[in-house]
Amino acid sequence: MTFDELKEGTVFEVGGENVNFAQYFTGKSYLNMISLEQIVIGNVTFEPSCRNNWHIHHADKGGGQILLVTAGRGYYQEWGQPVRELKAGDVVNIPANVKHWHGATADSAFQHLAVEVAGENTSTEWCEPVTDEQYNKLK
Ligand code: MN
């Protein structure tokens, strides 16, 4: 699925270019905040090959993130674990304090809603990029 195909068919608006977090991404992404009340939910859209850096959603209690995949094809991987391939309808429960990344496949745009699970002392730590060498090994 191309970015334009995704953008045309998606239920949730893609929003503007994700400039505020661009330093933590490889490639171009877009962000549209769906909810800023009660529970924070962002709609993140990745161009093909775009992915975020390894990162950790820290929390002393609760916390973590839930990804609801809404379009395209993508990946989710936890540190030291095999990659998981994602398609629309998939749900990923990311525990707090687990290093991971998420993003598009090389041949498809990708979109997920990112639900920020409430917790105590929550913060996100951004780590190193997923290198081309690591990424290009994925099917
Ligand atoms: Mn995450």
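This is a short conversation about how to read some features of a predicted model.

Visitor: Where should I begin, and how many helices and strands does the protein have?

Guide: Begin with the overall make-up, bearing in mind that the model is predicted: the protein has 2 helices and 14 strands. Its radius of gyration is 14 Å, close to the 14 Å that the globule rule gives for 139 residues, so the protein is as compact as a globular protein of that length. Along the principal axes, the C-alpha atoms fill a box of roughly 40 × 35 × 25 Å.

Visitor: What share of the residues counts as buried, and what share of the contacts joins residues at least 24 apart?

Guide: Of the 139 residues, 41% count as buried. When contacts between residues at least 6 apart in sequence are considered, 70% of them join residues at least 24 apart.

Visitor: How do I read a single residue, and is Gln111 buried or exposed?

Guide: Look at its element, its accessibility and its partners in turn. Gln111 belongs to strand 12, which covers residues 110–116, and because its relative accessibility is 0%, under the 20% cut-off, Gln111 counts as buried.

Visitor: Which side chains make polar contacts with the side chain of Gln111?

Guide: One polar contact, of 2.6 Å, links the side chain of Gln111 to that of Thr10, and another, of 3.0 Å, links the side chain of Gln111 to that of Thr45. Setting aside residues up to four places away in sequence, Gln111 also touches a longer list of residues, including Leu6, Phe12, Val14, Leu68 and Ala71.

Visitor: Is Gly16 buried, exposed or partly exposed, and which residues is Gly16 in contact with?

Guide: Gly16 is part of strand 1, residues 16–17, and its relative accessibility is 41%, which means that Gly16 counts as partly exposed. Beyond its neighbours within four places in sequence, Gly16 is in contact with Tyr30 and Leu31. A separation of 8.7 Å lies between the C-alpha atoms of Gly16 and Ser29, which are 13 residues apart along the chain.

Visitor: How do I read a pocket, and what is the volume of the largest pocket?

Guide: Take the volume, then the residues of the lining, then the elements that supply them. The largest pocket has a volume of about 310 Å³, and 20 residues line it, of which Phe21, Val44, Gln65, Glu116 and Trp126 are the closest to its centre. The lining divides into 10 nonpolar, 9 polar and 1 charged residues.

Visitor: Which strand gives the largest share of that lining?

Guide: Strand 4 gives the largest share, with 4 residues. At least two residues of the lining come from each of strand 3 (29–35), strand 4 (41–46), strand 6 (55–58), strand 12 and strand 14 (123–126).

Visitor: What should I look for in the backbone angle phi, and where does Ser49 lie?

Guide: The general idea is that most residues other than glycine have a negative phi. Ser49 is not a glycine, yet it has a positive phi of about 75°. Ser49 lies in the loop between strand 4 and strand 5 (51–52), and at 27% relative accessibility Ser49 counts as partly exposed.

Visitor: What is the phi of Asn121, and is Asn121 buried or exposed?

Guide: Asn121, which is not a glycine either, has a positive phi of about 55°. Its place is in the loop between strand 13 (119–120) and strand 14, and because its relative accessibility is 59%, over the 50% cut-off, Asn121 counts as exposed.

How values were computed: Residues are numbered from 1 along each chain as its sequence is written. This is a predicted model: local features need pLDDT of at least 70, side-chain atom pairs count only at pLDDT 80 or more; totals for chains, interfaces and linings use all residues. Side-chain values use heavy atoms; hydrogens and water are left out. Buried means under 20% relative accessible area, exposed over 50%, partly exposed in between (1.4 Å probe, protein chains only). Contact means heavy atoms within 4.5 Å. A polar contact is a pair of N or O atoms within 3.5 Å; within protein, one must be able to donate a hydrogen and the other to accept it, and residues adjacent in sequence count only if both atoms are side-chain atoms. On a 1 Å grid over the protein atoms alone, a cavity is a set of points where a 1.4 Å probe fits but cannot get out, and a pocket is an open set with protein on both sides within 12 Å along at least five of seven lines; lining residues have an atom within 4 Å of a point. Grid points are joined across faces, edges and corners, and a volume is the space filled by probe spheres set on the points. Ala, Val, Leu, Ile, Met, Phe, Trp, Tyr, Cys and Pro count as nonpolar, Asp, Glu, Lys and Arg as charged, and the others, Gly among them, as polar. The radius of gyration is taken over C-alpha atoms; the globule rule is 2.2 Å times the number of residues to the power 0.38.
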